[in-house]
Amino acid sequence: MPTYLDNHATTRLDPRVLDAMLPWLTERYGNAGSATHAMGREARDAVDASRARMAAAVGADPREIVFTSGATEAINLALQGAASRHGIRDGRPGRILTLATEHPAVLDTLDHLARRGLAVERLPVVPQSWPGLAGRIDPATIDAAWDDDTFLISVLLANNEIGVVQDARAIAEVVHRRGGLLHLDCSQALGRMPVDVDALGADLASFSAHKFHGPKGVGALWVRRRGRPVRIDPLVFGGGQERGLRSGTHDVAGIIGMATAAELAVTELPADVPLMRRLRDRLMAGLAAGIDGLVLNGPPLDGILADGATLRLVNNLNVRVPGVDGQTLLATLDAEGLAVSSGSACSSEQPRPSHVLLALGLDDDQARSSLRFGLSRFTTDEEIDTAIRLVAAGVARLRSLGR
Ligand code: PLP
């Protein structure tokens, strides 16, 4: 078995999630839209129950949950759906803000909207030269960039490369004072920190089941109904499922898997957080002891904010190894059975340096010499020790070869 420390890319399906899904992939195969017979109705009831469980896990009302094929689709629905509803302001194309460090699912969707005439601005984050808050967006930056055409900002609650957690409440305060909408990409947050979409002050929020030990290909968009109801247009038309916001036959087993995984993410959080933090700190200490000049990318590992929230996901580590080419090191580690990465899964195969690290102010060489680790509730002490040994040995070998 490989040593898997790439849990920002995807996580292992929890066996309890698989157990919950299996009957719905075998004998209970009714279509949740078939109201005329018992098999359809039991599937519909299962989807309804899953919606309630998913909602409870993130502080939502069940009617606010729209199941999708993943966070990419949820993000597209949020951004394109809001642009379609709110994009033209007083006859002028509207404007959307985002952060330079967002996931490609947000950046590429906004590039698409920009080609259609919408104005898009990527805001800078606090650079690495100010390590205490590296990767954070200052709400004042948002306030300064907001203008009358701006109707939405999309913010990654917890970054998939450097784990930085944004101050959603402070951002929401600015956005709502300016009369706009806040979309939070919560893909990396659930199961690693408490997530209550209402308390965070969001208007739209995206989730992906495979990031918290659920199945791949299932996600959800939360669309606020309470207090300040949010209206968006659908992207996919057809049978009118999901209150018309996402037509298409429900993936019943996937939805049940997502809800089960979300429930576990919440009930196991008190045990998972200290476990992942302890192992992540052990990994950092071991790497720092074994590798000369190792540098942490992103905010401090133990950063705690005034409100008690953590500044960085407890399962994340991102380090740079001066003088070593990350791609060569990754290939060496891969050959030894260690799964880690240099950044977002979607861009890992491209030799381009991470846009997140560049946005922190790192140069190309620094970004290229960086490694990202992601832990999970299934990570063990043995895996951490194996990773430390393999990375330290790989670095020593490459350095001795001058690479
Ligand atoms: N947003 C973030 C922060 C992610 O890490 C990912 C997964 O790579 C996504 C969105 C896309 O999620 P999905 O794989 O469910 O489409």
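Begin by selecting helix 3, residues 71-86, which supplies 3 residues to the shell around the ligand, the largest share of that shell; keep in mind throughout that this is a predicted model.

With the ligand still in view, widen the selection to the residues around the ligand, of which there are 13. Those that come nearest are Thr-72, Asp-185, Gln-188, Ser-208 and Lys-211. Colouring this shell by residue class divides it into 8 polar, 3 nonpolar and 2 charged residues.

Next, go through the polar contacts one at a time. At Ala-71, a backbone N or O atom lies 2.8 Å from an oxygen atom of the ligand. Moving on to His-103, look for a polar atom of its side chain, which is placed 3.1 Å from an oxygen atom of the ligand. At Asp-185, the side chain offers an N or O atom that is 2.7 Å from a nitrogen atom of the ligand. How much of the ligand does the protein bury? Taken alone, the ligand exposes 390 Å², and the protein buries 89% of that area.

Now leave the ligand and turn to the cavities, for which the count comes to 2 of 30 Å³ or more. The second largest cavity has a volume of about 80 Å³, and to find this cavity you can select Gly-191, Arg-192, His-213, Met-276 and Arg-377, which are the closest to its centre of the 13 residues that line it. The lining of this second largest cavity divides into 5 nonpolar, 4 polar and 4 charged residues.

For the last stop, display the open sheet of 3 strands, whose order is 11-12-14 and whose pairing is antiparallel. Which strands form the edges of this sheet? They are strand 11, at 295-296, and strand 14, at 370-374, each of which pairs on one side only. Then select strand 12, residues 316-320, and follow its antiparallel pairing with strand 14, which extends over 5 bridges. In general, the strands of a sheet pair through backbone hydrogen bonds. To inspect one of these pairings by residue, pick Asn-316, whose bridge partner in strand 14 is Gly-374.

Conventions: Residues numbered from 1 in each chain as written. Predicted model: local features only at pLDDT ≥ 70, side-chain atom pairs only at ≥ 80, totals over all residues. Heavy atoms only, no water. Pairing = 2+ DSSP bridges. Helix = DSSP H or I, 4+ residues; strand = E, 2+ residues; numbered from the N terminus. Near = heavy atom within 4 Å. Polar contact = N/O pair within 3.5 Å; in protein donor to acceptor, adjacent residues only side chain to side chain. Areas by Shrake-Rupley, 256 points an atom, 1.4 Å probe, with all protein chains shown as cover. Nonpolar A, V, L, I, M, F, W, Y, C, P; charged D, E, K, R; others polar. 1 Å grid on protein atoms, 1.4 Å probe; cavity = no way out; pocket = protein on both sides within 12 Å on 5 of 7 lines; lining within 4 Å. Points joined across faces, edges and corners; volume = space filled by probe spheres on them.
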